[in-house]
Amino acid sequence: MTAEAKVHNLKVVLELKWAQGNDYDAKVSVTITDSCYHPGDIKIGLPPGEVGIPEVEYVTFSFTHDEGKVCSDITKTVDKAIRVPFSSAKPKLTAFASVNGKAAGSDTKPFPRK
């Protein structure tokens, strides 16, 4: 018998700000709900197993969660930023939070005008 994997549902907020040229700074804020979440890296691309559409650029902020441990209830927001190139073929950006390799929340914003 195997235990079912916990489903994580995290609040994700994306902020986009023009940096220079065709580059934008994407700040991804994820609200975590206990002490067993550990932030990892942020990268351009979809979480494993997710399928996107060509008209949207994607970034993924990865987290791990210690399963089976006692966690303290603590709510806090973790921020991370990444520079993303703008393309007129991809006028929107979706930021995902992934936990242990599975999508756990997202937010989508259009790229602002310079």
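These legends describe close-up views of a predicted model.

**View 1. The whole chain is built from strands.** The protein chain has seven strands and zero helices. Read along the sequence, the pattern is β-β-β-β-β-β-β. Along the principal axes, the C-alpha atoms fill a box of roughly 50 × 30 × 15 Å. The chain holds 114 residues, and 36% of them count as buried. Its accessible surface comes to about 7000 Å². Carbon and sulfur atoms account for 53% of that surface. Among contacts with a separation of 6 or more, 67% involve residues 24 or more positions apart.

**View 2. Three strands make an open sheet.** The strand order is 1-2-5, and the pairing is antiparallel. Strand 1 (11-20) and strand 5 (73-85) stand at the edges. Each has a single partner strand, so one side of each is left without a neighbour in the sheet. From one strand to the next, the twist averages 20 degrees.

**View 3. Strand 2 pairs with strand 5.** Strand 2 covers residues 23-34 and runs antiparallel to strand 5. The two are joined by 11 bridges. To find the register, start at Lys27: Ala81 in strand 5 stands opposite. Asp73 also lies in strand 5. Is Asp73 buried or exposed? Its relative accessibility is 74%, so Asp73 counts as exposed. Asp73 and Ile32 are 41 residues apart in sequence. In space, their C-alpha atoms are 9.6 Å apart.

**View 4. A disulfide joins Cys36 to Cys71.** The S to S distance is 1.9 Å. The count for the model comes to one disulfide. A disulfide is a covalent bond between the sulfur atoms of two cysteines. The link of Cys36 and Cys71 is left-handed, with -100 degrees about the S-S bond. Which parts of the chain does the pair tie together? Cys36 lies in the loop between strand 2 and strand 3 (37-44). Cys71 lies in the loop between strand 4 (56-65) and strand 5. The pair therefore ties together parts that are 35 residues apart in sequence. Cys36 has 3% relative accessibility and counts as buried. Cys71 has a relative accessible area of 23%, so Cys71 is partly exposed.

**View 5. His65 contacts both cysteines of the disulfide.** His65 lies in strand 4. Its relative accessibility is 7%, so His65 counts as buried. Beyond its neighbours within four places in sequence, His65 is in contact with Cys36 and Cys71, among others. Other contacts of His65 include Lys6, His8, Asp34 and Tyr37. Val99 and Asn100 are also in contact with His65.

**View 6. Ser62 sits in strand 4.** Is Ser62 buried or exposed? The cut-off for buried is under 20% relative accessible area. Ser62 has 18% relative accessibility, so Ser62 counts as buried. Leaving aside neighbours within four places in sequence, Ser62 is in contact with His38, Pro39, Gly40, Asp41 and Ser98. Ser62 and Pro47 are 15 residues apart in sequence. Their C-alpha atoms are 8.3 Å apart in space.

**View 7. The largest nonpolar core has 23 residues.** Which residues touch the most other members? They are Val28, Val30, Phe63 and Leu93. Strand 1, strand 2, strand 3, strand 4, strand 5 and strand 6 (92-99) each give two or more residues to this core. The largest share, five residues, comes from strand 2.

**View 8. Leu93 has contacts across several stretches of sequence.** The contacts shown leave aside neighbours within four places in sequence. Leu14, Leu16 and Ala26 are in contact with Leu93. So are Val56, Glu57, Tyr58 and Val59. Val84 is another contact of Leu93. Asp107, Thr108, Lys109 and Phe111 complete the list.

**View 9. Strand 6 and strand 7 form a hairpin.** Strand 7 covers residues 102-110 and runs antiparallel to strand 6. Eight bridges join the two strands. Ala95 stands opposite Asp107 in strand 7. How many residues lie between strand 6 and strand 7? There are two. In the turn, Asn100 has a positive phi of about 50 degrees. Asn100 is also one of the residues in contact with His65.

Definitions and conventions. Residues are numbered from 1 along each chain as its sequence is written. This is a predicted model: local features need pLDDT of at least 70, side-chain atom pairs count only at pLDDT 80 or more; totals for chains, interfaces and linings use all residues. Side-chain values use heavy atoms; hydrogens and water are left out. Two strands pair if DSSP finds at least two bridges between them. Helices (H or I, at least four residues) and strands (E, at least two) are DSSP runs, numbered from the N terminus. Axes are lines fitted to C-alpha atoms, for helices over the stretch in contact, and angles run from 0 to 180 degrees between N-to-C directions. A disulfide is a pair of cysteine sulfur atoms within 2.5 Å. Buried means under 20% relative accessible area, exposed over 50%, partly exposed in between (1.4 Å probe, protein chains only). A nonpolar core is a set of buried Ala, Val, Leu, Ile, Met, Phe, Trp, Tyr and Cys residues joined through side-chain atoms within 4.5 Å. Contact means heavy atoms within 4.5 Å. Accessible areas come from the Shrake-Rupley method with a 1.4 Å probe; for residues, only the protein chains shown count as cover.
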